[in-house]
Amino acid sequence: MELPAQLRQGVDGLLENVPLPALKQAARTLSERYRAELRDGRLHMGEEMAVKAYLATRLPATYAAVRASLDALASARPDFQPKTLLDIGAGPGTMLWATLDAWPDLEQAVLVEASGAVRKVGQSLAAGAIAAGTEWIAGDATIDLDDLRPADLVSIAYVLDEVAPASLPRLVGRLWQLTADTLLVVEPGTPAGWQRILAARRQLIEAGAHVLAPCPHAAPCPLAPPDWCHFSRRVARSRLHRLVKEADVPWEDEKFIYLAASRQPAPVHPARVLAPPKSGSGKVVLKLCRPDGSAGEQLFSKRDGEVFRTARRADWGDTVGTSSSTGGAPRSGA
């Protein structure tokens, strides 16, 4: 899933003539902070060079994760056509670009971002390229949300991992208050990210939210550590990305986890594929999270007819129908 052409052109322009050694050092520092999930009072992208390092090495991957999450939301709610977006911790506008790609008729977006350096870059990238009305607000996710107006789609991506755990329940509660229709939360696809999503999921269900995706049910998550729910998108690395990261492989896999919760119920809850399919001659095994709250591997073979053909086309993160009359028997394991 590539960046929109106008966004790619804008990023290339901002990175032109940036010294490679400085970009490499900024990328290493940024990566170390993300991996350590540091909460030391400093912004990960508080400086201009850190923002440029993010554009070079992280933006394509986070965009792919956010765009995939929006696709899952749109699939669960085909009738959803948001006109307003409120994005908390907006970074350089990743969610804005992805939302407009999914719903070009978006009319208004409010983007809250604490870093002045990031806001400046985000505004520069959007100038002349974004038709929707946009308002960039300087604000911290944990303390500056009181004066905001509700929006059809409220989003927070790759932010909960930067917030002190004690502040998360209040933040999630405020995000839900601001949600006129649907809330989308995206986190790194790590065990810790999954736990943060699970906590938000429990809180939102208690508040009356309907889980749209990825879960096909509102029951407790059937997975148990060391297993965890997450998804992946393969992203092509640009030449600059490879140079900055000193990488030989021309692609990377972005692991992520997300939660879409709405004030409107989802019309259907098909099973979700939780891992890469295992294919063989005339058969395929899918690890599924099912509408009844269970999870496990399920074997589909040619005798299952159209369900088998659907299962064979399914990929990690997709939904599939598994009616008892056609689906294979569950295998052990979660």
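Residues are termed buried below, that is under 20% relative accessible area, exposed at over 50%, and partly exposed in between (1.4 Å probe, protein chains only). The model is predicted, with local features requiring pLDDT of at least 70 and side-chain atom pairs pLDDT 80 or more, while totals for chains, interfaces and linings use all residues. Residues are numbered from 1 along each chain as its sequence is written, and side-chain values use heavy atoms, without hydrogens and water.

**View A. The two sides of helix H1 (residues 5-15).** Helices (H or I, at least four residues) are DSSP runs, numbered from the N terminus. Leu7, Val11 and Leu15 are the buried residues of H1. They lie on the same side of H1 because they cover an arc of only 65° around the axis, the arc being that of the directions from the helix axis to the C-beta atoms. Ala5 and Gln9, on the other side of H1, are exposed.

**View B. Surroundings of H1.** The cover over the buried residues of H1 includes H3, helix H4 (59-76), helix H5 (94-102), H6 and helix H9 (239-245). Asn17, which follows H1, has a positive phi near 70°.

**View C. Packing of helix H3 (residues 48-57) with helix H6 (residues 116-126).** The axes, lines fitted to C-alpha atoms over the stretch in contact, are 8 Å apart and at an angle of about 50°. H3 and H6 are therefore oblique to each other (neither under 35 degrees, nor over 145, nor 65 to 115). Glu48, Val51 and Leu55 in H3 meet Ala117, Val118, Val121 and Leu125 in H6, with contact meaning heavy atoms within 4.5 Å.

Notes
Axes fitted to C-alpha atoms, helices over the stretch in contact; angles between N-to-C directions.
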